Amino acid sequence: MKIKSDYANTPQWKDLNIKSSLPEELKCLDELAHNMWWAWNYEASNMFKSLDEKLYEEVGHNPVLLLERLSYDRKEEIVKSRTTMRKVKAVYDSFRKYMDVAPDKKRPSVAYFSMEYGISQVLKIYSGGLGMLAGDYLKEASDSNVDMCAVGLLYRYGYFKQSLSIDGQQIAQYEAQNFNSLPIERLADKDGNPIVVDVPYMNYQVHAYVWVVNVGRIKLYLLDTDNEMNSEFDKPITHALYGGDWENRLKQEILLGIGGILALKKLGITKQIYHCNEGHAALCNLQRLCDYVASGLTFNQAMELVRASSLYTVHTPVPAGHDYFEEALFGKYMGGYPAVLGINWEEFIGMGRTNPSDHGERFCMSTFACNTSQEINGVSKLHGWVSQKMFAPLWNGYYPEENHVGYVTNGVHFPTWTASEWRQLYDKYFDPKFMGDQSNESIWHAIYQVPDSEIWETRMALKKKLIDYIREKFTQTWLKNQGDPSKVVSLLERINPNALMIGFCRRFATYKRAHLLFTDIDRLSKIVNDPEHPVLFFFSGKAHPADGAGQGLIKKIFEISQRPEFLGKIIFLEDYDMHLARRLVSGVDIWMNTPTRPLEASGTSGEKAEMNGVVNLSVLDGWWVEGYREGAGWALPQKRTYQDQGYQDRLDAVTIYGMLENEIIPLYYDKKKKGYSESWIKVIKNSIATIAPHYTMKRQLDDYYAKFYVKEANRVKKLQANDNQLAKEIALWKETVAERWDSIRVVSKDAGLLENGGETGVTYHLRYSIDEQGLADAVGLELVVLKPHNDDEEYEVFGVHEFKVVGKEGNTYTFEANIEPSQAGTFRTAVRMFPKNQHLPHRQDFCYVKWLD
């Protein structure tokens, strides 16, 4: 037998994580590095930076990786440096003082679910505004010391890293994250074995590790399927945020919602309120229904408890923006749940349809969230109204303005987004209690006492910081990607720190209208090339890899920026992330936003700018409808002039050019002898004093408690008392009413006003006798009066007049109302009958309506 010259089997490689050891004196740094508290406390981040500035930049400001890579010699030097050790001790003492405060148990406890979280650019589990908001929310929950935990997914590749080709084409690069070098920890049981959550998918289970992110005092639990226990088909569930096909999206949402609840159960965590930040997490309510049914409750009883403790926040202003799944795909993974719940398939899938009996309608996560949550809210006052109209078809019999959809306008986490230079200025001039009372406008009025020169110096320092950052970060990237070194050098040289700087930085979706500024290229050229009044525009943002139109906008802007007359005057900064965002929202002079009305649900980047003395120029949409104050920024009208979007775009572009040429640029350059414009400083001060106080995350968190959490917690406590007695009673009452509803009839009526009309100033009596079929005063009656809405064909509610019960004979109840018309005109009227129970939170909770003849 001939002996083979080589023979080897395939090695079974296993990851082995070797941690860098720290001297005893520096052990506290590992604890600090593994708590994201450093992400919004500049003293802590500056301390980590001081350990090794060059290495700190190389590791992308990641303190965990910094400690891993610190050399032995450098660690010894740190220990021997009294100055550095004093910094370490001061920061750690501050951290411990912060952490050792017990949570405020007086406020309801909350479990918060979101598909993404923007806490730091170090942890790439975010893509845009939704994630920024969720990350800010957890930070403020920590600062406000509330009892909250959060649930999300740990993405191996996160969202993509953006670069541009030589012709401006977006290139999406997905880089794997090394979880062991991130400020996160994988949870283990008492024996050191990883905690695994088994999540049901079809007829098998997917196994997820649970990681924890310490966000100050708040725990964020992240599920991860990229492990050897899962098949190659299921490992990628948590590979990419918003990646893959619709089947993978459904699998992600099953993991987030169902897996999230199972993870909390495994960890022994229960909360009073369950808050879905967007519809992605809606299936958390499904798992909670299953758990209640498993405990012995009926489906209807379980629904009372789940609804009463659920809040759904919608961020999308149009129906097309929600997640929809074909029945075949949804049934593939969810087909077993009706049997668990004790209902049939049509009833189950109907909870995700606007019209439950329409077999062609896809299952919508947002609709399911609406049907399983007592409270629903939009994210600005205008978006609240948009959401009322968007979801109105779910509650037939009520007009949009009558339904229960509310709003909480988004805010931003002040310590995260306010540059250290501004924070130091605020600390110097504001009341010492400011951080605990951020929404108090009177405190912010102290900005008027700050010398104009100090405001200007702060702004100029941050402009210089932005330009230094751009030159440092982008020089090598541009040289590598743009081909012509001389053009890159020329571009860098042309960036003028004394120019009026305007930022347009956000997700590149077509409705954001990034193209608006380029409607008249010649006019734009004159604006940016005025030697006496230079203007510089920064653009930045990513387009979803599947959004060809958004990528086309980026390419167009890049191409224009490379033209000789715009080189160094219009600059596209690639790979927009949290770090770049912080530099931009504090470094430019004006933050511009030009969405198509009313498609901006809220928007928060402009709020971040407000905290840094950056003035807004925006369409009156989203938060700016509420935020705009005359003399504190600029606004394009809220109402459209044209229905044709092309005409409207051209009008808005002309309006922006005019504002720049006639108001903004002259005001900024009205510098006179002092070297700065006193009038511009006045606008900055007005903006900080009158707008900024109302858009902090602390105000947002307090609003959620005041409007929703406390109300729901109080109600669910009553429902759960005495073995869920009230929940059972309400479920039984609803079942009885539903069974007899169609049999309820009008015995007699006297409604001459409705049949013959009337006059103003005269009182008319309406009278109805109703056979309630033994329901015992379970219905109410009201006259609904509609009037035409402006000049269109739609109607809106003009008034609602409730009837009073004035008599009872057997099962027949007599209702009366006295109506005195106050306004002449043509109206539509009808009498609406509805179920009545003092324990219902609102009418849409049990949305049965019968319009009487």
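# Notebook: contacts, burial and backbone checks

**Entry 1. Surface patch.** I began at the surface, where Tyr642, Tyr647 and Leu651 make a nonpolar patch of about 280 Å². I note here that the model is predicted. I looked up Leu651 and found it in helix α26, residues 645–668. Leu651 counts as partly exposed, because its relative accessibility is 30%.

**Entry 2. Aromatic pairs.** I searched the whole structure for ring pairs and got 48 aromatic pairs. I took Phe330 and Phe348 as an example. Their ring centres are 6.0 Å apart and their planes stand at 25 degrees, so I log the pair as stacked. The two rings link distant parts of the chain, 18 residues apart. Phe330 belongs to helix α11 (residues 327–334), and Phe348 to helix α13 (residues 345–350). Buried or exposed, Phe330 and Phe348? Both are buried.

I also traced a cluster held together by ring pairs. Its members are Tyr112, Tyr117, Tyr137, Tyr704, Tyr705, Phe708 and Tyr709.

**Entry 3. Charges over rings.** I logged two cases. Arg186 lies over the face of Tyr209, 4.4 Å from the ring centre. Lys251 lies over the face of Phe233, and here the distance to the ring centre is 3.5 Å. I kept Lys251 on the list for the next entry.

**Entry 4. Salt bridges.** Side chains of opposite charge can pair when their charged atoms come close. My count came to 44 salt bridges. I followed up several.

Arg156 and Asp226 form one, with the closest N and O atoms 2.9 Å apart. Arg156 lies in the loop between β2 (148–153) and β3 (161–164), and Asp226 in the loop between β8 (218–224) and α8 (246–266), so the pair ties together parts 70 residues apart in sequence. Both Arg156 and Asp226 are buried.

Lys251 came up again, this time in a salt bridge with Asp234 whose closest N and O atoms are 2.9 Å apart. Asp234 sits in the loop between β8 and α8 and Lys251 in helix α8, so this bridge ties together parts 17 residues apart in sequence. I find both Asp234 and Lys251 buried. To recap Lys251: it lies over the face of Phe233 and forms a salt bridge with Asp234.

Next I checked Asp452 and Lys685, whose side chains meet in a salt bridge at 2.7 Å, N to O. Asp452 is in helix α19 (residues 452–482) and Lys685 in helix α27 (residues 678–690), so the bridge ties together parts that are 233 residues apart in sequence. Lys685 is buried, because its relative accessible area is 7%.

I also found a network of salt bridges. Glu304, Arg307, Lys734 and Asp845 are linked in it.

**Entry 5. Gln374.** Where does Gln374 lie? I placed it in the loop between α14 (365–371) and β13 (375–378). Its relative accessible area is 1%, so Gln374 is buried. Its side chain joins that of Arg715 in a polar contact of 2.9 Å.

**Entry 6. Helix α23.** I went through helix α23, residues 578–587. How many of its residues are buried? The answer is 10 of its 10 residues. The buried set includes charged side chains such as Arg582 and Arg583, along with Met578, Leu580 and Val585. At the start of α23, a side-chain oxygen of Asp577 comes to within 3.2 Å of the backbone nitrogen of His579.

**Entry 7. Trp591.** I looked up Trp591 in strand β18, residues 590–593. Trp591 counts as buried because its relative accessibility is 0%. Its C-alpha atom is 5.9 Å from that of Ile502, a residue 89 residues away along the chain. The side chain of Trp591 also makes a polar contact with the side chain of Ser605, at 2.9 Å.

**Entry 8. Positive phi.** Most residues other than glycine have a negative phi. I logged two with positive values.

Asp575 has phi near 60 degrees. Asp575 lies in the loop between β17 (570–573) and α23. Its relative accessible area is 9%, so Asp575 is buried.

Lys672 has phi near 55 degrees. I placed Lys672 in the loop between α26 and α27. Buried or exposed, Lys672? At 70% relative accessibility, Lys672 counts as exposed.

Conventions:
Residues are numbered from 1 along each chain as its sequence is written. This is a predicted model: local features need pLDDT of at least 70, side-chain atom pairs count only at pLDDT 80 or more; totals for chains, interfaces and linings use all residues. Side-chain values use heavy atoms; hydrogens and water are left out. Patches are made of residues with over 30% relative accessible area and no salt bridge: like charges are joined within 9 Å, nonpolar side chains (Val, Leu, Ile, Met, Phe, Trp, Tyr) within 5 Å. Accessible areas come from the Shrake-Rupley method with a 1.4 Å probe; for residues, only the protein chains shown count as cover. A salt bridge is a side-chain nitrogen of Lys or Arg within 4 Å of a carboxyl oxygen of Asp or Glu. Helices (H or I, at least four residues) and strands (E, at least two) are DSSP runs, numbered from the N terminus. Buried means under 20% relative accessible area, exposed over 50%, partly exposed in between (1.4 Å probe, protein chains only). Rings of Phe, Tyr and Trp (its six-membered ring) pair if their centres lie within 6.5 Å; planes under 30 degrees apart count as stacked, over 60 as edge-to-face and the rest as tilted. A charge sits over a ring if NZ of Lys or CZ of Arg is within 6 Å of the ring centre and within 35 degrees of the ring normal. A polar contact is a pair of N or O atoms within 3.5 Å; within protein, one must be able to donate a hydrogen and the other to accept it, and residues adjacent in sequence count only if both atoms are side-chain atoms.
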